[in-house]
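Thank you all for coming; I would like to walk you through one structure today, slowly, going from single pairs of residues to the chain as a whole. Please keep the picture in view while I talk.

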Amino acid sequence: MKVVALSFLLGATVIFLAMSFWQSAGAPAWAGYVKAAAEAGMVGALADWFAVTALFRHPLGIRIPHTAIIPTRKDALGNSLGDFVGTNFLSEQVVRERLRRVGVAGRLGGWLGQEANAERVTAELSTVVRGVVAVLRDEDVQAVLEQAVVRRVVAVPWGPPLGKLLAGVFADGAHHKLVDLMCDRAYEWVKANHTAVLRVVSDRAPTWSPRFVDSMVADKVYGEVLSFAWLVKTDPNHPMRLAVDKFLAEFAEDLQHDEATMRRAEAVKEQVLDHPEVQNVIGSAWSTAKAMLLDAAEDPSSELRKRVREGLVALGRRLTGDDSLREKVDSWVEGVAAYVVLNYRDEITTLITDTVQRWDAAETSRKIELQVGRDLQFIRINGTVVGALAGLLIYTVAQLIM
């Protein structure tokens, strides 16, 4: 394009010289018009060449003031560009209006509502999960679990919340099925262990007691025990059952208000947590969870990935069909973007200015010239043509006046 623009200048110069020689040899009057047009075209071409060249370098290497603007004013241009972007693109009103026109929630919903896109997001999330799990060290995670979970469990008293929970369970009668099971098992055990009951009674009988008397007493005791177990099993209002209910209710109350019972509950908690098996479970919890996560993330047909995929599709369809939800999401997105703009606009614009400042001046000028120089050469071409037309017009007016 430089060659093309230069050819227009050379063409105007050749025409000007030719018309000048011709006029000296007695050319017709119209040669003056051509000469004036060529002369003005030369002036326009030279002026625009100077203007375009002055943007990127000193014309002919002469350090004329206000030339080589881009290399010498690079940092100032970078600051101006950053201010321009911050004012016109990173203002809260502009960001909100743009996001409102875009309709982020609706577009996201339509995109996620397609199963192929939901599968793509699920695969990407699986990659992220695998990366995070691979980066985390097992000992660090176990330390966090012990500090954040176990310590917190130890710090919270068990008595009052456990008592409150049990009180609710006992008040609703949810424990009756467990009591029924225990009564059923007790009756079945007594029924199936006639010999054991007889042996217990016989072993505790006096040595002087005749054996047939011991057998009679043992049979009588067994019958009473079996009858008692049957009554407890079949009668929901048996005194034994009522006594158990009363005991459980009092125990739940003591867990909440009795200091001695609460201290015993804390002691039991300490014993449970200090047990070697419990410590092993805590220590291996992360390893187990890690293996489960990795397996689920690797397998496209795993239940985890299936549920995530279905959840994403359902979310996309809700965003598409639920106006209120879509408005909430759009409002949330606008709020986040506005917060980022208001609080981090200076950091974003500083990124632009700092980047421009790090550029080499000569290299920056060359890159910009390569990007826009082709269009700038049209300025030189247009300057030649417009200058020629202007010169022709001026010369014509002057001839008419004179």
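Let me begin with Arg305, which forms a salt bridge with Glu119, the closest N and O atoms being 3.3 Å apart. Because Arg305 lies in helix H16, residues 303–321, and Glu119 in helix H7, the pair ties together parts that are 186 residues apart in sequence. Please bear in mind throughout that this is a predicted model, and that every distance I quote is computed from that model.

The two partners differ in how much of them is covered: Arg305 is buried, with a relative accessible area of 7%, whereas Glu119 is partly exposed, at 25%. Glu119 also takes part in a salt bridge with Arg309, where the N to O distance is 2.7 Å. Arg309 lies in helix H16 and Glu119 in helix H7, so this pair ties together parts that are 190 residues apart in sequence. As a general remark, side chains of opposite charge can pair when their charged atoms come close.

Staying with salt bridges, Arg318 pairs with Asp322, and here the closest N and O atoms are 3.7 Å apart. Arg318 is partly exposed, with a relative accessible area of 47%, and Asp322 is partly exposed as well, with a value of 24%. Elsewhere, Glu92, Arg96, Arg100 and Glu334 are joined into one network by salt bridges that share partners. How many salt bridges does a search of the whole structure find? The search finds 12.

Now to helix H16 itself. At 1.5 Å a residue, its 19 residues should span 27 Å, and the end C-alpha atoms are indeed 27 Å apart, so the expected and the computed values agree. The residues of H16 that are buried are Arg305, Leu312, Val313, Gly316 and Leu319. Because these residues cover an arc of only 125° around the axis, they sit on the same side of H16. On the face turned away from that buried side we find the exposed residues Arg307, Arg317 and Gly321.

Helix H4, residues 74–88, can be read in the same manner. With 15 residues at 1.5 Å each, H4 should span 21 Å, and its end C-alpha atoms are 21 Å apart, which agrees. Which residues of H4 are buried? They are Lys74, Gly78, Gly82, Val85 and Gly86, and since they cover an arc of only 110° around the axis, they are placed on the same side of H4. The face turned away from the buried side carries Asp83 and Thr87, both of them exposed. What covers the buried residues of H4 includes helix H3 (69–72), helix H17 (323–358) and helix H18 (361–401).

Helix H17 leads me to the surface, because Trp332, which lies in H17, is exposed, with a relative accessible area of 60%. Trp332 is one of the residues that make a nonpolar surface patch of about 600 Å², and the others in that patch are Val336, Tyr339, Val340, Tyr344 and Ile348.

Two further pairs show residues that are far apart in sequence and yet have a short listed distance between their C-alpha atoms.

- Val129, in helix H7, residues 115–135, is 165 residues from Leu294 in sequence, while their C-alpha atoms are 7.9 Å apart; Val129 counts as partly exposed, at 31% relative accessibility.
- Phe170, in helix H9, residues 159–172, is 78 residues from Leu248 in sequence, with 7.4 Å between the C-alpha atoms; Phe170 is buried, with a relative accessible area of 17%.

Finally, let me turn to the protein as a whole. Its secondary structure comes to 18 helices and 0 strands, and buried residues make up 28% of its 402 residues. Among contacts between residues at least 6 apart in sequence, 71% join residues at least 24 apart. The protein exposes about 26700 Å², of which carbon and sulfur atoms supply 64%.

Conventions: Residues numbered from 1 in each chain as written. Predicted model: local features only at pLDDT ≥ 70, side-chain atom pairs only at ≥ 80, totals over all residues. Heavy atoms only, no water. Helix = DSSP H or I, 4+ residues; strand = E, 2+ residues; numbered from the N terminus. Expected span 1.5 Å × (residues − 1). Buried < 20%, exposed > 50% of the residue type's maximum accessible area, 1.4 Å probe, protein only. Arc of directions from axis to C-beta. Contact = heavy atoms within 4.5 Å. Patch = residues over 30% accessible without salt bridge, like charges linked within 9 Å, V, L, I, M, F, W, Y side chains within 5 Å. Areas by Shrake-Rupley, 256 points an atom, 1.4 Å probe, with all protein chains shown as cover. Salt bridge = Lys/Arg side-chain N within 4 Å of Asp/Glu carboxyl O.
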